[in-house]
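This report goes through the packing of one protein chain, from its nonpolar cores to its ring pairs, its surface and some unusual backbone sites. Please keep the sequence and the structure in view while reading.

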Amino acid sequence: MRTHTLRSKRRRSALRTLAFLSPWLIGFGVFFAYPLIATVYFSFTQYDGFRPPVFNGLENWTYVFSQYRLFVPALENTLWFVVVMVGCRVVFGLGIGLLVIRIRTGGGVFRTLFYLPYLAPPVAASLAFVFLLNPGTGPVNSFLESAGLPAPGWFTDADWSRPALTALALWGIGDLMVIFTAALLDVPKEQYEAAELDGASAFQRFRFVTLPNIAPIVLFAVVTGVIQTTQYYTQPLVVGKVASGIIGGSGQQFEPGYPEKSTLTLPQLVYDLGFQRFDYGSAAVVALVLFALSMLFTAVLMRRRGGLIRVGD
């Protein structure tokens, strides 16, 4: 009798736990598990969205990895953005955070000014940067030429398009600035005072006091930055279209990646394959590559977080 009572209590407890977890379980199943399983399934089929999918084995994988000429440039660009853009955003955001917490007068005004660009819609910000960096009429190149400095082609030059996109990302650094500012203000002042009494320099205080305290925030910024950058789609597509002179319209065909595939990213291939060529099988392959990259980078960062961001004990 006692054993039966214990089992009933455990069963009720398990059901109660499932009831509380059910909103998350439903959301996870509908919005993550099912789409992921469906994507894996479609990657092994020939499917155009109209006729029933037909199993074709590894044909889609072979086509994407060995025959689809846009895949390698898009993969290289995406990896470049993940490494360079995320690194620059984290360093720049931390630097701005360190700057604004030291401003005694008008600190709130400077925080607002640094945060405002982040609120600009991505399309509007991209259009503004294309016109500002226009090699012929843009004010940036006009200033560089008047100062006797070389004027790059920016979004019309394959060597400068990725750095220009990185500059656009740094312009909208307000989100990381706010996060790092909050973390820096939370560092105990007593530790800074103790370090000063020990004769630590400014760099040593930053290395042995600031970084260890904000290490979880740095990790958060890097991981979320990697995930966002692997989904980098709107800005490179807009700047490529505008810089090429093809804004859109009936009868106009535009292959993403202008100039010379330097602004091409993997999310653009998903759209190009799935919604322009109606090759959902190959689009699913590229989507799975994106998912694998995000998981790989996140797993490495989480596993190596001590060696990456802990600089002292």
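## Cores, rings and surface

Apart from neighbours within four places in sequence, valine 90 is in contact with Leu176, Phe180, Val218, Ala221 and Val222. The model is a predicted one, and the contacts described here are to be read accordingly.

Valine 90 is also among the residues with the most contacts inside the largest nonpolar core, a group that further holds Phe180, Ile214, Val218, Val222, Val226 and Leu301. This core has 22 residues, and helices α3 (71–100), α8 (174–185) and α10 (202–229) each supply at least two of them. The greatest contribution is that of α10, which gives nine residues. A second core, separate from this one, has 18 residues and includes Ala125, Phe155, Leu168 and Ala169.

Helix α3 also holds threonine 78. Is threonine 78 buried or exposed? With a relative accessibility of 2%, threonine 78 counts as buried, because the limit for that class is under 20%. Beyond residues up to four places away in sequence, threonine 78 touches Thr230, Thr265 and Leu266. Threonine 263 is placed in the loop between α11 (234–244) and α12, and this residue is likewise buried, at a relative accessible area of 1%. Once its neighbours within four places are set aside, the contacts of threonine 263 are Asn77, Ser161, Leu165, Pro236, Val239, Gly240, Gly257, Tyr258 and Gln268.

Tyr258, one of those contacts of threonine 263, precedes a cis peptide bond, since the bond from tyrosine 258 to proline 259 has omega near 0°. Proline 259 itself lies in the loop between α11 and α12.

Aromatic rings form another part of the picture, with 19 aromatic pairs in the structure. One of them joins tyrosine 47 and tyrosine 280 in a tilted arrangement, with 5.6 Å from centre to centre and 40° between the planes. This pair links distant parts of the chain, given that tyrosine 47 belongs to the loop between β1 (45–46) and β2 (54–55), while tyrosine 280 belongs to helix α13 (residues 280–303), 233 residues apart.

Where does the pair of phenylalanine 50 and phenylalanine 278 lie, and which parts does it tie together? Its ring centres are 5.6 Å apart and its planes stand at 55°, so this pair too is tilted. Because phenylalanine 50 lies in the loop between β1 and β2 and phenylalanine 278 in the loop between α12 (266–276) and α13, the pair ties together parts that are 228 residues apart in sequence. The accessibilities of the four residues in these two pairs are set out below.

| Residue | Relative accessible area | Class |
|---|---|---|
| Tyrosine 47 | 22% | partly exposed |
| Tyrosine 280 | 23% | partly exposed |
| Phenylalanine 50 | 68% | exposed |
| Phenylalanine 278 | 38% | partly exposed |

Tyr47 and Tyr280 are also members of a cluster linked by ring pairs, together with Tyr41, Phe42, Tyr233, Tyr271 and Phe275.

The backbone at phenylalanine 278 deserves a remark as well, in that this residue has a positive phi of about 55° although it is not a glycine. Tryptophan 154, which is found in the loop between α6 (139–146) and α7 (161–171), has a positive phi near 55° too, again in a residue other than glycine. At 13% relative accessibility tryptophan 154 counts as buried, and its C-alpha is 18 Å in space from that of threonine 78, with the two positions 76 residues apart in sequence numbering.

On the surface, a nonpolar patch is formed by Leu15, Leu18, Leu21, Trp24, Leu25, Phe28, Phe32, Phe291 and Met295, whose accessible area together is about 870 Å². Helices α1 (2–42) and α13 each supply at least two residues of the patch, and the largest share, seven residues, comes from α1. Tryptophan 24 is one of the patch residues and lies in helix α1; its relative accessibility is 55%, so tryptophan 24 counts as exposed, the limit for that class being over 50%.

Notes
Residues are numbered from 1 along each chain as its sequence is written. This is a predicted model: local features need pLDDT of at least 70, side-chain atom pairs count only at pLDDT 80 or more; totals for chains, interfaces and linings use all residues. Side-chain values use heavy atoms; hydrogens and water are left out. Rings of Phe, Tyr and Trp (its six-membered ring) pair if their centres lie within 6.5 Å; planes under 30 degrees apart count as stacked, over 60 as edge-to-face and the rest as tilted. Helices (H or I, at least four residues) and strands (E, at least two) are DSSP runs, numbered from the N terminus. Buried means under 20% relative accessible area, exposed over 50%, partly exposed in between (1.4 Å probe, protein chains only). A nonpolar core is a set of buried Ala, Val, Leu, Ile, Met, Phe, Trp, Tyr and Cys residues joined through side-chain atoms within 4.5 Å. Contact means heavy atoms within 4.5 Å. Patches are made of residues with over 30% relative accessible area and no salt bridge: like charges are joined within 9 Å, nonpolar side chains (Val, Leu, Ile, Met, Phe, Trp, Tyr) within 5 Å. Accessible areas come from the Shrake-Rupley method with a 1.4 Å probe; for residues, only the protein chains shown count as cover. A salt bridge is a side-chain nitrogen of Lys or Arg within 4 Å of a carboxyl oxygen of Asp or Glu.
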